Every structure is written in C-alpha cells, then in structure tokens.
Amino acid sequence: MATKPTEPVTILSLRKLSLGTAEPQVKEPKTFTVEDAVETIGFGRFHIALFLIMGSTGVFWLAGSLLIIGLASVIIPTIGWRWLIRVASIPGIILIVAFKFIPESARFNVSTGNTRAALATLERVAKMNRSVMPEGKLVEPVLEKRGRFADLLDAKYLRTTLQIWVIWLGISFAYYGVILASAELLERDLVCGSKSDSAVVVTGGDSGESQSPCYCHMFAPSDYRTMIISTIGEIALNPLNILGINFLGRRLSLSITMGCTALFFLLLNICTSSAGLIGFLFMLRALVAANFNTVYIYTAEVYPTTMRALGMGTSGSLCRIGAMVAPFISQVLMSASILGALCLFSSVCVVCAISAFTLPIETKGRALQQIK
C-alpha cells in the first residue's frame with residue numbers, strides 16, 4: 001500500500017507556521033461605573049433607609065410647620081417674637097453641623113476625579129446591603145454630550161420649557177401666598193357676625209413706639225388652631241393626587257388642581273363662618289401642595305437625562321422668584337385691598353391651569369429618556 005509522501009520540514013515552513021499563529025492578546029483590566037456598582041449591589045437595607053429618610057422629608061416639612069405654629073402660640077404671647085426666631089434657628093444650626101457627617105454622592109465624586117471617596121461610599125452601601133462590589137476599577141462613564149442651558153431653549157423643548165417656568169413660578173407664588181395670606185386673613189377676622197378676639201394692638205411702654213404706624217394684632221388660641229388645621233391639609237389630597245396623575249395624566253391633573261386653587265382663592269373673599277374659613281384654607285393648602293407634587297414629577301419626566309438636572313434647577317430658580325414676590329401681594333397689597341390681592345392670586349392660578357392643560361408633552365406611561 002502506497003504511503004503519502006511527507007513534505008520535508010524546512011526553516012521556511014517553520015517560519016510560515018510561526019507567522020500564522022495568533023499572538024496572545026493582553027487582557028484589558030476590568031472596569032465598572034457607579035451605575036454598574038449600583039446594579040451589582042442591588043436593593044437592600046441601604047435603599048430602605050434612604051427611602052424612609054427621603055420619603056419622610058415631606059412629613060419633616062409638615063412637622064416643622066406645625067411645630068413653629070405651636071411654638072409661636074407659646075412664645076409670642078409670653079417672651080415675644082424675637083425669641084421665636086432665636087428658637088426656630090436652632091434646627092438650622094444643628095443641620096449645618098450635621099452636614100459634615102453626610103457622605104457626598106458617589107457619582108459626583110467620580111465626576112470630580114475623587115474615585116477613592118466614591119469607592120468608599122459604594123463599599124459602605126454594599127456592606128449595608130450585605131452584597132459585594134463588582135470586580136475591576138471604578139471609572140467615570142464617557143458622556144457624548146452634557147446638558148446645556150441652550151438645550152432647554154431648543155426648538156424641541158422651547159414651548160415646554162417656557163410653560164413649565166410659568167407653572168413653577170405661579171405654583172410657588174400661590175403656595176407662599178396662601179401661607180402668608182392665612183395670617184393676614186385671620187388677623188382681619190373675616191368671619192361674619194363676630195368681633196375679633198385677636199384685635200389687640202401690641203404697644204410698648206415708649207410713647208414713640210405706641211404712636212408708630214407699625215402695629216401687630218395678637219392671635220387668639222383659635223387662630224393658632226386654624227393655622228394648624230389648615231397646615232395639615234398639605235397631605236390631605238396626596239392619595240387623590242397620586243390617583244389623578246396616574247389615571248388622568250400629569251397635564252390634566254395639574255390643570256384641574258390649579259383651576260380649583262384659583263376658585264378657592266376667590267372663595268376666601270366670601271363672608272363665611274369660622275368653620276367655612278378653616279375649610280377654605282384647608283383646601284387651599286391641600287391644592288397648592290398637590291400642584292407642587294405634580295409639576296415636580298412632570299418636570300423630572302419630560303426632559304432627557306442629559307437635561308433633567310438643568311431643567312429642575314432652572315425651574316427651581318423661577319420657583320424662588322415666585323416666593324419672593326408673594327409677600328408683597330399677600331401682605332402689602334392685601335392691606336390695601338383684600339379683593340384685589342385674592343383676585344391676583346386667582347388670576348395667576350388660572351394662567352398656570354391653562355399653561356398646564358396646553359403643555360405639548362404628556363409624560364404619563366412614558367419611560368424616562370436617556371438621550372436627547
């Protein structure tokens with residue numbers, strides 16, 4: 001039987017063989033981002049604690065409002081309003097000291113190049129959740145584009161941005177207007193057929209001070225009770241607000257609550273009983289709080305990730321403008337004309353209701369956009 005002739009092995013053939021063999025590839029070191037670490041660590045005790053802390057801030061806001069009213073009812077009649085301010089500043093001082101012990105965001109630390117601090121924060125979260133960190137080196141993800149202020153005014157979002165700014169300004173204007181106007185209305189005692197028990201002029205022993213046009217009317221205990229009951233209204237509509245934004249949509253829900261806010265501002269001018277005034281103030285506080293909840297959710301959903309923080313930040317700036325203007329209407333203008341001040345608040349709410357109803361984008365059921 002014939003055998004197959006074998007090709008002699010030469011230096012040339014060995015060289016060809018060596019050239020045809022793939023060179024071993026150098027493995028790149030493993031890397032992970034903050035998002036990868038969060039996904040790997042998973043849900044656990046840290047997230048539960050974070051949910052309780054952040055979720056309770058709305059209740060710490062309500063509690064603070066109730067606490068300051070309670071302190072005012074005790075401190076102002078006895079040692080004066082200056083001591084109320086001093087006592088009220090104590091939690092803020094404590095909070096400033098506590099900021100030192102609050103860890104910085106891991107994502108922020110990575111973006112500033114402080115990966116060691118970011119890694120320490122993530123390891124702490126993993127330890128609390130009894131989980132493990134991903135393998136490799138923590139790196140910052142490469143973003144193709146960061147949000148710019150000009151993006152908010154791009155043709156795609158220009159109308160949405162302008163209308164959102166109007167709504168944020170109007171909601172803040174109405175919210176702080178209700179709070180400040182409540183004291184003004186109680187001071188003037190608009191309850192029909194009753195004489196104000198709180199119409200006591202506070203004057204000092206100095207004759208010059210007694211002749212000053214600046215004066216205060218002390219609140220009666222019933223006035224403080226009215227303030228407390230109306231403040232509780234800020235959480236009264238939360239269940240209905242949640243149902244509304246999920247079933248009716250963000251735009252329609254916000255336009256309805258803003259329209260109702262305008263209506264109740266006008267109802268404050270009606271001569272009513274003490275219970276009626278409490279009811280109007282209660283509903284107003286509930287409605288303005290619902291407005292804030294809805295517009296906050298809508299603003300966070302309507303912008304893509306690269307613009308979301310910028311959109312929220314600029315809206316918050318407009319919100320502060322509304323808060324700064326509110327005292328001039330609820331205290332200065334209301335001193336001259338209660339009807340004029342209430343009509344102005346109502347008109348702003350109507351404008352916001354129309355703006356909310358005509359928003360070009362409905363975010364109900366839409367996933368958050370990751371890119372523009």
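Biologist: Which residues have the most contacts inside the largest nonpolar core?

Modeller: A quick note on the basics: this is a predicted model, where local features need pLDDT of at least 70 and side-chain atom pairs count only at pLDDT 80 or more, while totals for chains, interfaces and linings use all residues. Residues are numbered from 1 along each chain as its sequence is written, and side-chain values use heavy atoms, with hydrogens and water left out. Now to your core: Phe-265 and Leu-268 have the most contacts inside it, and it has 58 residues. A nonpolar core here is a set of buried Ala, Val, Leu, Ile, Met, Phe, Trp, Tyr and Cys residues joined through side-chain atoms within 4.5 Å. Buried means under 20% relative accessible area, exposed over 50%, and partly exposed in between, with a 1.4 Å probe and protein chains only.

Biologist: OK, and which helices each supply at least two residues of this core?

Modeller: They are H4 (57-79), H10 (158-188), H12 (221-232), H14 (250-267), H15 (274-302), H16 (305-336) and H17 (338-357). Helices (H or I, at least four residues) and strands (E, at least two) are DSSP runs, numbered from the N terminus.

Biologist: Which domains does the core draw at least three residues from?

Modeller: At least three come from each of domain 1 (29-143) and domain 2 (149-189 + 220-371). The domain bounds come from an automatic or database domain assignment. There is also a second, separate core of eight residues, including Ala-37 and Leu-138.

Biologist: I spotted Leu-342 in helix H17. Buried or exposed?

Modeller: Leu-342 counts as buried because its relative accessibility is 0%. Setting aside residues up to four places away in sequence, Leu-342 touches Phe-265, Leu-266, Leu-268, Asn-269 and Met-334, where a contact means heavy atoms within 4.5 Å.

Biologist: How many residues apart in sequence are Leu-342 and Asn-269?

Modeller: They are 73 residues apart in sequence, and 7.4 Å apart in space, C-alpha to C-alpha.

Biologist: What about Leu-333, over in helix H16? What does Leu-333 touch?

Modeller: Not counting residues up to four places away in sequence, Leu-333 touches Phe-328, Gly-340, Ala-341 and Leu-344. Leu-333 and Leu-344 are eleven residues apart along the chain, with 9.8 Å between their C-alpha atoms. Leu-333 counts as partly exposed because its relative accessibility is 30%.

Biologist: Changing topic: where is Thr-294 found, and what does its side chain reach?

Modeller: Thr-294 sits in helix H15. Its side chain reaches the backbone oxygen of Ala-290 at 3.0 Å. That is a polar contact, a pair of N or O atoms within 3.5 Å; within protein, one must be able to donate a hydrogen and the other to accept it, and residues adjacent in sequence count only if both atoms are side-chain atoms. At 1% relative accessibility, Thr-294 counts as buried. Leaving aside neighbours within four places in sequence, its contacts are Asn-241, Ile-245, Arg-250, Ser-253 and Leu-254.

Biologist: Now the small helix H2 at residues 34-41. Which are its buried residues?

Modeller: The buried ones are Val-34, Ala-37 and Ile-41. They lie on the same side of H2 because they cover an arc of only 60° around the axis, the arc being that of the directions from the helix axis to the C-beta atoms. An α-helix has 3.6 residues a turn, so residues three or four places apart point the same way.

Biologist: What do the buried residues of H2 pack against?

Modeller: They pack against strand E1 (31-32), helix H7 (106-111), helix H8 (115-128) and strand E2 (137-138). Thr-33 is in the loop between E1 and H2, and its side chain makes a polar contact with the side chain of Asp-36 (3.1 Å). H2 is followed by Gly-42, which has a positive phi near 80°.

Biologist: Which residue has a positive phi although it is not a glycine?

Modeller: Arg-130 does, with a phi of about 55°. Arg-130 is in the loop between H8 and E2 and is exposed, with a relative accessible area of 70%.

Biologist: Last one: where does UniProt place "transmembrane region"?

Modeller: The unreviewed UniProt entry places this feature at residues 48-76, 83-102, 162-186 and 336-359. UniProt positions are given in the numbering used here, feature names are shortened, and annotations may be inferred rather than shown by experiment. In the model, residues 162-186 are 100% helix, with end C-alpha atoms 36 Å apart. Residues 336-359 are 88% helix and 0% strand.
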